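Here are my comments on the model you sent, set out as numbered points. Please read them with the structure open beside you.

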Amino acid sequence: MRTKSLFHFTKTKEILYLILENGFWPRYCFEDISWVSDINFCAYPMVCFCDIPLHKLDNHTNFYGSFGIGMNREWGINNGLNPLIYISEKSALSEAIYELMANPHPENEYAKNFAMVTLGYTKKYSGNMLNGTTTFEKNFYEECEWRFIDISQGVLFRDEIENTEDIEKQNSKTKINSLAIQPEDIRYLLVEKQSDVSELVDFIN
């Protein structure tokens, strides 16, 4: 059974503190879209969450980081988060999305927008993930992901980006649409070790 909270994890306590101060900042994250396009990776400004049960979080935190914040599910829904649709490669849905992306009707802005939004909220059951310059295989279905995407800022394609400075320049434009949080929205704060607890309490105070 999935948890009633939506968790976001990060690798450092400093980033957790920034979230507590400023909310969740949508940042560009590259996704594998080779299953629907000749382009391997594109990036949307997004914030990712999961509703994995607490007793199954170890693999997730080992990869994404041990510092986390668990938000009320109602907060997520009210802020436009949506669970992802996971696609089996040989399914009819996969074929339909492929056709949608191959024929986006560029003269029709509504159809084009629908195609890009649909792609932003779908993910292969398993596939390639880009971490820096390293690509590796991952089972995405196990991540039980919810996502907020700032579609208004547009999409980046990997061949348009020359270095990390280019990505950060684009990220600077998305901060204005950060997701605000209030203390009553937070259900959990997770840290790496016991010694981090007192520092977190001091920061909150």
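1. Once its neighbours within four places in sequence are set aside, asparagine 79 is in contact with Phe148 and Leu179. Please bear in mind, here and in the points below, that this is a predicted model, and that the contacts of asparagine 79 are therefore computed from predicted positions, with contact meaning heavy atoms within 4.5 Å.

2. As for where this residue sits, asparagine 79 belongs to the loop that runs between α3 (73-78) and β5 (82-83). Its relative accessible area is 25%, and because buried would require a value under 20% and exposed a value over 50%, asparagine 79 is classed as partly exposed. The C-alpha atom of asparagine 79 is separated by 10.0 Å from that of isoleucine 181, although the two residues are 102 residues apart along the chain.

3. Turning to the fold as a whole, the protein chain has 7 helices and 12 strands. Its radius of gyration is 18 Å, close to the 17 Å given by the globule rule for 205 residues, so the chain is as compact as a globular protein of that length. The C-alpha trace spans about 55 × 35 × 35 Å along its principal axes.

4. On packing, buried residues make up 40% of the 205 residues in the protein chain. Among contacts with a separation of 6 or more, 76% are accounted for by residues 24 or more positions apart, and I would suggest reading that figure alongside the contacts of asparagine 79 with Phe148 and Leu179.

5. With regard to the surface, the protein chain exposes about 11900 Å², of which carbon and sulfur atoms supply 52%. The chain carries 19 positive and 30 negative side chains, and the centres of these two sets lie 4 Å apart.

6. Finally, how many disulfides does the structure hold? The structure holds 0 disulfides. Cysteine 48 is in no disulfide, and the nearest cysteine sulfur to it, that of cysteine 29, is 5.6 Å away; since a disulfide is counted when two cysteine sulfur atoms are within 2.5 Å, that pair does not qualify at 5.6 Å. Cysteine 50 is likewise in no disulfide, its nearest cysteine sulfur being that of cysteine 144, at 7.1 Å.

7. Are these two cysteines buried or partly exposed? Cysteine 48 counts as partly exposed, at 26% relative accessibility, whereas cysteine 50 is buried, with a relative accessible area of 1%.

Terms used. Residues are numbered from 1 along each chain as its sequence is written. This is a predicted model: local features need pLDDT of at least 70, side-chain atom pairs count only at pLDDT 80 or more; totals for chains, interfaces and linings use all residues. Side-chain values use heavy atoms; hydrogens and water are left out. Helices (H or I, at least four residues) and strands (E, at least two) are DSSP runs, numbered from the N terminus. Buried means under 20% relative accessible area, exposed over 50%, partly exposed in between (1.4 Å probe, protein chains only). The radius of gyration is taken over C-alpha atoms; the globule rule is 2.2 Å times the number of residues to the power 0.38. Accessible areas come from the Shrake-Rupley method with a 1.4 Å probe; for residues, only the protein chains shown count as cover. Lys and Arg count as positive and Asp and Glu as negative; His and the chain ends are not counted. The place of a charge is taken as NZ of Lys, CZ of Arg, CG of Asp or CD of Glu.
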